[in-house]
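Reader: Before I plan around this structure, could you walk me through it? I would like short answers with the reasoning shown.

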Amino acid sequence: MEVLAYLIPISLFLGGVGLVAFIYTVRSNQYDDPEGDARRILSDEWDDKPKS
Amino acid sequence: MTAQLSSGTAACPGCIAAPAEPARPVPEDVQIALSLPGIHCSACIANVERALNAHPGVEDARVNLTLKRAMVKAAAETHAADLIPVLERAGYEAHELDPGALSATQSDKAGRDLLMRLAVAGFASMNVMLLSVSVWSGATDATRDLFHWISAAIALPAIAFSAQPFFANAWSALRVKRLNMDVPIVLAILLALVTSLWETALSGEHAYFDAALTLTFFLLAGRYLDYRTRAAARSAAEELTALEVPRAIRLVDGAEEEVSVASLAVGDLILVRPGGRMPVDGEIVSGKSELDRSLLTGETLPVFAEAGLAVSAGEVNLTGPLTIRTTAVGEDTSLHRMADLVAIAESGRSRYTSLADKAAKLYAPGVHILSALSFLGWYIYSGDIRTALNIAAAVLIITCPCALGLAVPAVTTAASGRLFRKGMLIKHSTALERLAEVDTVVFDKTGTLTSGTPELTNLEDHSRADLEIALALAEASSHPLSVSLAKSTRDAGIKPARLEDVVEVPGYGTEGTYRGQRVRLGRAGWTGATEGDQTAAWLAVTGQSPVAFLFSDSLRPGAAEAVQAFRDGGKSVVLISGDTRGAVQTLADKLGIETWIAEALPQDKATHVQKLSDQGRHVLMVGDGLNDTAALAAAHVSISPASALDAARVASDIVLLGNDLTPIADAGDTAVKATKRIRENFRIATVYNIIAVPLAVAGFATPLIAALAMSTSSITVSLNALRLR
């Protein structure tokens, strides 16, 4: 059962990382146009460099 | 969207403060927002962006497909009016939106706030669930206690943060001694936390931390969906409203100055240019022109205007500049009186109770009574307050309206998403439910079933020579009839005749000389003809009797299909218009509408709709003019096109973004399906409760059963809603 001492902090940490990542995506407006973004990846226009 | 909006200032906050920078006039960029109801695919995104970026002055254009909108960053002298034709050439319908109204992203802050709470509840519940699964699969003694304590440490702060909207709502309901859906929710969450803490402290077997968190998570998901649908509709409707900037040109000692309409006073002289809309009620002092009254009265025939004629706010000046002395401003204008009619009619609207409210009314007291009874029952039976409290908590958790909370928003989100893709905007949250009940459809004529632009009907009746002269004269004017005449003759391959001295006489027509003879195209009286009851422009060549070019209002695309679809669906269709009998009858016959009323005043329209409602009919009103607003508000549910006056759009529940009317009929079908799904969802939720509640009351419910019941019911309800797409 000593393994719990590692596993529980690790699982909590990973959960926290997920939460922080989600908050980051919300704050950087990545959910403003889900439909458009899904289709934009099919366009060749900005394949070489990202649209600034 | 927000990033683009703020980038103008946020990119260089230091620049403003830098004192070394000399005050050099930097041409400021403007943000232009365009609504694009027609876009739907990746090719559309690319085409629109390419077309916009190719336009001189445009620095950056970005399409948002979800909102069907394009944000354009451009040099200061670029106007939306220049960009709209560019897009129309590329094949996309576009309307200008007010970027000022768009920057009201404060409303979006509320959405983001909900999303954060949702995320916290979601991640916390995942972690707690992990620990709970270990407990359910056999962790005992100290390990179980440890897991429970860790769960408590995660759940308590997470719930304190994420369940705040429920706490606030429940408190505001309780303060006025009412019950709403949030009261049982809060009670369940709090009771679950309290009993679980107690159990944990006594190293008991069952703790409901995971249930409290998943409950919060699912309910927040429902709230968020609900919020998103309404926010999207609300912001888009606000943007449309912000289209019309209320400005007027005031003449002070002969000099023109642009002022806001609100600052006009009675007695002010104002100038209304051709194409402009009357900002106030008044009397014409000088100038001759024609007035388009269709938005106020539904008449398609322009009215001749000269000094002395009284004009009402909302009329459109067609040909010549007019100077007007203001007689009424603000609340006294006829436009405003119309808005008062709306307010009266609207008070009837609030009687409708949504399905969700009906369910909540049954549900909230039922749950409390059930849970209180099981607490009492178990306390009397066992005498142990701990067991009794545990069972009461289990009953509350299991009956908690996860599925009920998701049942309506999940369906409305799916349905309004579907309608939005077809170009309809649901403004009101119960609009779909009301639309599903509709059995009578009332249409307005001008601007709704017809596009409001005249179409030449008797091209073949004229000799080539006449047509050539008419075309030459028509091209000298921007009057709607002239524009239409020029377009259809050009399309027929006619070349303009060579005329000399062509002048437009405002209010009358155009005049010129053809081979030494005077030729005129214009009003009946001016050309020596007698006026008929159809919209017409007359051509007079000296020495010949005048000939008439007849016009009829062209049908809006999809009008015939929409009417047909409603009739096929067994709904009765009525046409009510302020236009003349002849014009209304022609259109009614063309579309196969049997019941029609012509020359109706605004009040008549509203009373007629009211009369239909009193007969127990559920009326859908489709209209665009000011004369329709009262009727729109009086109807059970109402739709107006985006081209409508803002008063009409405000009064209606659904706004049609595109030009095509066909989606209206689809909307009816979607609404019926959506309501069916909502009812199904309620049934699903009830079935789960019927199975799970006896278990809970009997004391057999474990946290595992609670978690299973809650998740499966919520997921089935959401999946059922998704079938609507």
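Author: Happy to help; the questions below go from confidence, through the fold of one chain, to the chain contact.

Reader: Which residues of chain B have a pLDDT that stays under 50?

Author: This is a predicted model, and chain B averages a pLDDT of 80. In that chain, 88% of the residues score at least 70. The stretch you ask about has 13 contacts beyond four places in sequence in the model. The residues whose pLDDT stays under 50 are 1-24.

Reader: What percentage of the residues of chain B count as buried?

Author: Chain B holds 27 helices and 26 strands. Among its contacts between residues at least 6 apart in sequence, 69% join residues at least 24 apart. Of the 725 residues of chain B, the share that counts as buried is 47%.

Reader: Is Ser203(B) buried or exposed?

Author: Ser203(B) sits in the loop between helix H9 (182-201) and helix H10 (209-241) of chain B. Its phi is positive, about 40°, although Ser203(B) is not a glycine. A residue counts as exposed if 12 or fewer other C-beta atoms lie within 10 Å of its own. Ser203(B) has 12 such atoms, so it is exposed.

Reader: And how many other C-beta atoms lie within 10 Å of Glu599(B)?

Author: Glu599(B) is found in the loop between strand S23 (595-597) and helix H23 (602-614) of chain B. This residue, too, is other than glycine and has a positive phi, near 50°. Glu599(B) is partly exposed, and the number of other C-beta atoms within 10 Å is 15.

Reader: How far does helix H27 of chain B reach from its first C-alpha to its last?

Author: Helix H27 covers residues 703-722 of chain B, 20 residues in total. Its buried residues include Pro703(B), Met710(B), Val717(B) and Ala721(B). At 1.5 Å a residue, 28 Å is expected, and the helix comes close to that with a reach of 28 Å.

Reader: Which element gives the most residues to the side of chain B that touches chain A?

Author: The contact takes 22 residues from chain B and 21 residues from chain A. On the chain B side, the elements that give two or more residues are helix H1 (2-10), helix H3 (42-54), strand S2 (58-64), helix H6 (106-136) and helix H7 (141-162). With 9 residues, the one that gives the most is H6(B).

Reader: How many residues on that side of chain B are nonpolar?

Author: By class, the side of chain B that touches chain A has 1 charged and 6 polar residues. As for confidence, the model scores ipTM 0.83 and pTM 0.71. The number of nonpolar residues on that side is 15.

Terms used. Residues are numbered from 1 along each chain as its sequence is written. Chains are lettered from A and ligands numbered from 1 in the order in which they are written. This is a predicted model: local features need pLDDT of at least 70, side-chain atom pairs count only at pLDDT 80 or more; totals for chains, interfaces and linings use all residues. pLDDT is the predictor's confidence in each residue, from 0 to 100. Two residues are in contact if their C-beta atoms, placed from the backbone, lie within 7 Å. Helices (H or I, at least four residues) and strands (E, at least two) are DSSP runs, numbered from the N terminus. A residue is buried if 20 or more other C-beta atoms lie within 10 Å of its own, exposed if 12 or fewer, and partly exposed in between; C-beta atoms are placed from the backbone. The expected span of a helix is 1.5 Å times one less than its number of residues. Ala, Val, Leu, Ile, Met, Phe, Trp, Tyr, Cys and Pro count as nonpolar, Asp, Glu, Lys and Arg as charged, and the others, Gly among them, as polar.
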